Structures are given as C-alpha cells and as structure tokens.
Amino acid sequence: METIVQHSVILPGTPAALYAMYLDPAQHAAFTGGPVTIAAASGAVFEAFGGRIHGVIVHLTPGRQIVQTWRSFEWAPDDLDSLLVLSFWPDAGGTRLDLAQVNVPERLCATLQANWPMRYLDPWREYLASR
C-alpha cells in the first residue's frame, strides 16, 4: 500500500524567493548541507545527498509550485516513483510551504515523515534565520 507524507511550515521570505532558492543548486545546497543537481526547468534531473535521492522536475508554476518525481536509495526497484508537490503561499509570517509526497512505499512512510523536517524544513528555516 502506498501512502502520503505531508507537512506545512511557515518560512521567512516571499514565495518567489523560496521557490527560487529551492531550484537554485547553490542555495539548495547551502540549506541542505550537500551538493545538489537541480534546475528551474521541466524535465530537469534532480539529485541530492550524493545521489541518495533523485528525480525529475515534472511541472513548475513560477513562484508558486514545484512538482517532481522523487525516490531514494531505499526504494525497491519495483517501487513506483513518488510525486513531490511543493506549494508556496503568502503568509503573515512569510511563506507557508505545503509539502505533499504521494505514492510513498508504506514501509518508508514514517521515515520520510520524520526526515523532511530533519533534512529539509528545519535546516531551511535555520539557514534563512542566519542570513
């Protein structure tokens, strides 16, 4: 059975700035702590954490939404790719980032639910606060 991982966080900055930051390899690497391959173009390959996660940018709505396929080294060869949707919404505190990752293998759901804040959301917030 496949499951959904969801998070919603408030980050300082505008939706356009955070959207651009996620799609810029240098800035993405700055808040995740490792090299990243990514580009702001549909069809672009995405790779982070030394290739431990990878996918393809499927759709971009500039300044508002990023959709990409996503899988990690923990995916079995017959597991379907998951689909990651990042939506950026104006908020009084900056930007509300809504994250939904669908088609996550059930055995990995709890791990991903915990890892998104630990590996992405909290470091991103800390990086933004330190600038």
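Which side chains does a polar contact of 2.7 Å join? In this predicted model, the partners are the side chains of Gln-101 and Trp-116. This pair offers a convenient place to begin a walk through the structure.

Gln-101 belongs to strand E7, which covers residues 94–105. The relative accessible area of Gln-101 is 0%, so this residue is buried, the limit for that term being under 20%. Besides the link to Trp-116, the side chain of Gln-101 makes a polar contact of 2.9 Å with the side chain of Ser-82. When neighbours within four places in sequence are left aside, the residues in contact with Gln-101 are Thr-3, Ile-4, Val-5, Trp-70, Trp-75, Ser-82, Leu-83, Leu-84, Leu-112 and Trp-116. The student may find it useful to locate each of these residues around Gln-101 in the structure above.

Trp-116 leads on to the nonpolar core. In soluble globular proteins, nonpolar side chains tend to be buried together. The largest nonpolar core of this model contains 35 residues. Tyr-22, Phe-46, Ile-66, Trp-116 and Trp-124 are the members with the most contacts inside this core. Helix H3, residues 109–130, supplies the largest share of the core, namely seven residues. What surrounds Trp-124, once its neighbours within four places in sequence are set aside? Trp-124 is then in contact with Leu-11, Leu-18, Met-21, Tyr-22, Phe-31, Phe-88 and Leu-97.

Phe-31, one of the contacts of Trp-124, directs attention to helix H2. This helix spans residues 25–32, and His-28, Ala-29, Phe-31 and Thr-32 are buried within it. The cover over the buried residues of H2 includes helix H1 (15–23), strand E2 (36–37), strand E3 (45–48) and H3. How is the N-terminal end of H2 capped? Asp-24 provides the cap, with a side-chain oxygen 3.2 Å from the backbone nitrogen of Ala-26. After H2 comes Gly-33, which has a positive phi near 85°.

Thr-32 deserves a separate look. This residue lies in helix H2, and Thr-32 counts as buried because its relative accessibility is 13%. Its side chain reaches back to the backbone oxygen of His-28, at 2.9 Å. Not counting residues up to four places away in sequence, Thr-32 touches Phe-49, Arg-119 and Tyr-120.

Two of these partners, Phe-49 and Arg-119, also appear in the largest pocket. Rolling a probe the size of a water molecule over the atoms shows where empty space is left. The largest pocket has a volume of about 260 Å³. Its lining consists of 13 residues, and those nearest its centre are Phe-49, Ile-53, Phe-73, Asn-115 and Arg-119. Strand E5 (65–72) and H3 are the elements that give two or more residues to this lining. H3 gives the largest share, six residues. Sorted by class, the lining comprises seven nonpolar, three polar and three charged residues.

Phe-49 itself lies in the loop between E3 and strand E4 (53–61). Is this residue buried or partly exposed? Phe-49 counts as partly exposed because its relative accessibility is 25%. The backbone at Phe-49 has a phi near 55°, a positive value in a residue other than glycine. A positive phi also occurs at Asn-103, at about 70°, although Asn-103 is not a glycine. Asn-103 is placed in strand E7, and at 23% relative accessibility this residue counts as partly exposed.

Asn-103 is one of the contacts of Asp-81, where the walk ends. Asp-81 is located in the loop between E5 and strand E6 (82–91). With a relative accessible area of 37%, Asp-81 is partly exposed. Leaving aside neighbours within four places in sequence, Asp-81 is in contact with Thr-69, Trp-70, Arg-71, Trp-75 and Asn-103. The contact with Arg-71 includes a polar contact between the two side chains, at 2.6 Å. Along the chain, Asp-81 and His-54 are 27 residues apart, and their C-alpha atoms are separated by 9.7 Å. Finally, Trp-70 and Trp-75 connect the end of this account with its beginning: both are in contact with Asp-81, and both are in contact with Gln-101.

Terms used
Residues numbered from 1 in each chain as written. Predicted model: local features only at pLDDT ≥ 70, side-chain atom pairs only at ≥ 80, totals over all residues. Heavy atoms only, no water. Core = buried A, V, L, I, M, F, W, Y, C linked by side-chain atoms within 4.5 Å. Buried < 20%, exposed > 50% of the residue type's maximum accessible area, 1.4 Å probe, protein only. Helix = DSSP H or I, 4+ residues; strand = E, 2+ residues; numbered from the N terminus. Contact = heavy atoms within 4.5 Å. Polar contact = N/O pair within 3.5 Å; in protein donor to acceptor, adjacent residues only side chain to side chain. 1 Å grid on protein atoms, 1.4 Å probe; cavity = no way out; pocket = protein on both sides within 12 Å on 5 of 7 lines; lining within 4 Å. Points joined across faces, edges and corners; volume = space filled by probe spheres on them. Nonpolar A, V, L, I, M, F, W, Y, C, P; charged D, E, K, R; others polar.
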